[in-house]
Amino acid sequence: MRRRRAPKRDILADPKYSSKLVSKFINVIMERGKKSIAERVVYDAMDTLQKKTGKENPLELLQQAFESVRPMLELKSRRVGGATYQVPIEVSNERGITIAMRWIRNFARQRKGGPMSERLGTELLDAYQKQGSAVKKRDDTHKMAEANKAFSHFRW
């Protein structure tokens with residue numbers, strides 16, 4: 001039997017942009033507790049994004065990039081009898097942003113060439129322009145959810 005839900009932890013805003021979104025993204029990028037390196041990577045990527053687009057506010061660009069990758073639906077496996085069904089479930093705004101961050105990070109890591117800050121900046125630029133791997137992943141997820149719409153009555 002499950003106990004209660006874990007309480008949501010409130011994270012502090014980052015020092016440069018005083019934004020909780022950027023702080024959360026730094027935490028997603030961070031590996032092995034090396035936060036200062038993660039901060040440098042994210043800030044450099046945001047600077048790259050700002051230079052390539054020519055816009056003055058990189059925070060808005062980041063928000064739009066996450067918004068264009070954020071899925072509306074996700075698939076959850078549900079066992080009914082002996083069969084496992086992929087059931088489409090609506091995603092909350094907060095979870096959608098978290099998934100978008102994770103996808104952008106993973107596809108930036110898979111890219112070839114250059115330091116992580118450059119790869120992340122390029123991936124964010126692609127996401128902002130509604131193209132690239134992370135946006136394709138969102139579209140594929142939506143297609144799968146649409147294909148499995150027949151199983152949506154198994155929702156819990």
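Mentor: In this predicted model, a residue is called buried under 20% relative accessible area, exposed over 50%, and partly exposed in between.

Trainee: By that rule, is Asp10 buried or exposed?
Mentor: The relative accessibility of Asp10 is 66%. The cut-off for the upper class is over 50%. Asp10 therefore counts as exposed.

Trainee: Which residue forms a salt bridge with Asp10?
Mentor: Asp10 belongs to the segment before H1, and its partner is in helix H1, ten residues apart from it. That partner is partly exposed, with a relative accessible area of 41%. The closest N and O atoms of the pair are 2.9 Å apart, and the residue is Lys20.

Trainee: Which residue caps the N-terminal end of H1?
Mentor: Helix H1 covers residues 20-29. A side-chain oxygen of the capping residue lies 3.2 Å from the backbone nitrogen of Leu21, and that residue is Ser19.

Trainee: Which residues of helix H1 are buried?
Mentor: An α-helix has 3.6 residues a turn, so residues three or four places apart point the same way. What covers the buried residues of H1 includes helix H2 (35-53), helix H3 (58-69), helix H4 (93-110) and helix H5 (116-128). The buried residues of H1 are Val22, Ser23, Phe25, Ile26, Val28 and Ile29.

Trainee: How many aromatic pairs are counted, and why is the pair of Phe25 and Phe66 edge-to-face?
Mentor: The count comes to two aromatic pairs. In the pair of Phe25 and Phe66, the ring centres are 5.0 Å apart. This pair links helix H1 with helix H3 across 41 residues, and both Phe25 and Phe66 are buried. Planes over 60 degrees apart count as edge-to-face, so the pair takes that name from its angle of 70°.

Trainee: Which helix gives the most to the largest nonpolar core?
Mentor: This core has 36 residues, of which Val22, Phe25, Ile104, Leu120 and Leu124 touch the most other members. H1, H2, H3, H4, H5 and helix H6 (133-147) each supply at least two residues of the core. With eight residues, the helix that gives the most is H4.

Trainee: Which residues are in contact with Ile104, leaving aside its neighbours within four places in sequence?
Mentor: Ile104 is one of the core residues that touch the most other members. Its contacts include both partners of the aromatic pair described above, Phe25 and Phe66. The full list is Phe25, Ala65, Phe66, Val69, Leu120, Glu123, Leu124, Ala127 and Ala134.

Trainee: Is Arg70 buried or exposed?
Mentor: Arg70 is found in the loop between H3 and strand S1 (73-80). Beyond residues up to four places away in sequence, Arg70 touches Ser92, Asn93, Gly96, Ile97, Ala100 and Arg138. Its relative accessibility is 11%, so Arg70 counts as buried.

Trainee: With which side chains does the side chain of Arg70 make a polar contact?
Mentor: One polar contact, of 2.9 Å, joins Arg70 to Glu67. Another, of 3.4 Å, is made with Asn93. The partners named here are Glu67 and Asn93.

Trainee: In what sense do S1 and S2 pair, and which residue between them takes a positive phi?
Mentor: S1 and strand S2 (residues 83-90) pair in the antiparallel sense over eight bridges. Within this pairing, Arg79 stands opposite Thr84 in S2. The hairpin has two residues between the strands, and the residue with a positive phi near 65° is Gly81.

Trainee: How many salt bridges does a search of the whole structure find?
Mentor: Side chains of opposite charge can pair when their charged atoms come close. The salt bridge of Lys20 with Asp10 is an example. For the whole structure, the search finds nine.

Trainee: Which residues are linked with Arg111 in a network of salt bridges?
Mentor: Arg111 meets Glu123 in a salt bridge of 2.8 Å, N to O; Arg111 lies in the loop between H4 and H5 and Glu123 in helix H5, so the pair ties together parts twelve residues apart in sequence. Arg111 also forms a salt bridge with Asp126, with the closest N and O atoms 2.4 Å apart. Arg111 is partly exposed at 25% relative accessibility, whereas Glu123 is buried at 1% and Asp126 is buried at 14%. The residues linked with Arg111 in the network are Glu123 and Asp126.

Conventions:
Residues numbered from 1 in each chain as written. Predicted model: local features only at pLDDT ≥ 70, side-chain atom pairs only at ≥ 80, totals over all residues. Heavy atoms only, no water. Buried < 20%, exposed > 50% of the residue type's maximum accessible area, 1.4 Å probe, protein only. Helix = DSSP H or I, 4+ residues; strand = E, 2+ residues; numbered from the N terminus. Contact = heavy atoms within 4.5 Å. Polar contact = N/O pair within 3.5 Å; in protein donor to acceptor, adjacent residues only side chain to side chain. Phe/Tyr/Trp six-rings, centres within 6.5 Å; stacked < 30°, edge-to-face > 60°. Core = buried A, V, L, I, M, F, W, Y, C linked by side-chain atoms within 4.5 Å. Pairing = 2+ DSSP bridges. Salt bridge = Lys/Arg side-chain N within 4 Å of Asp/Glu carboxyl O.
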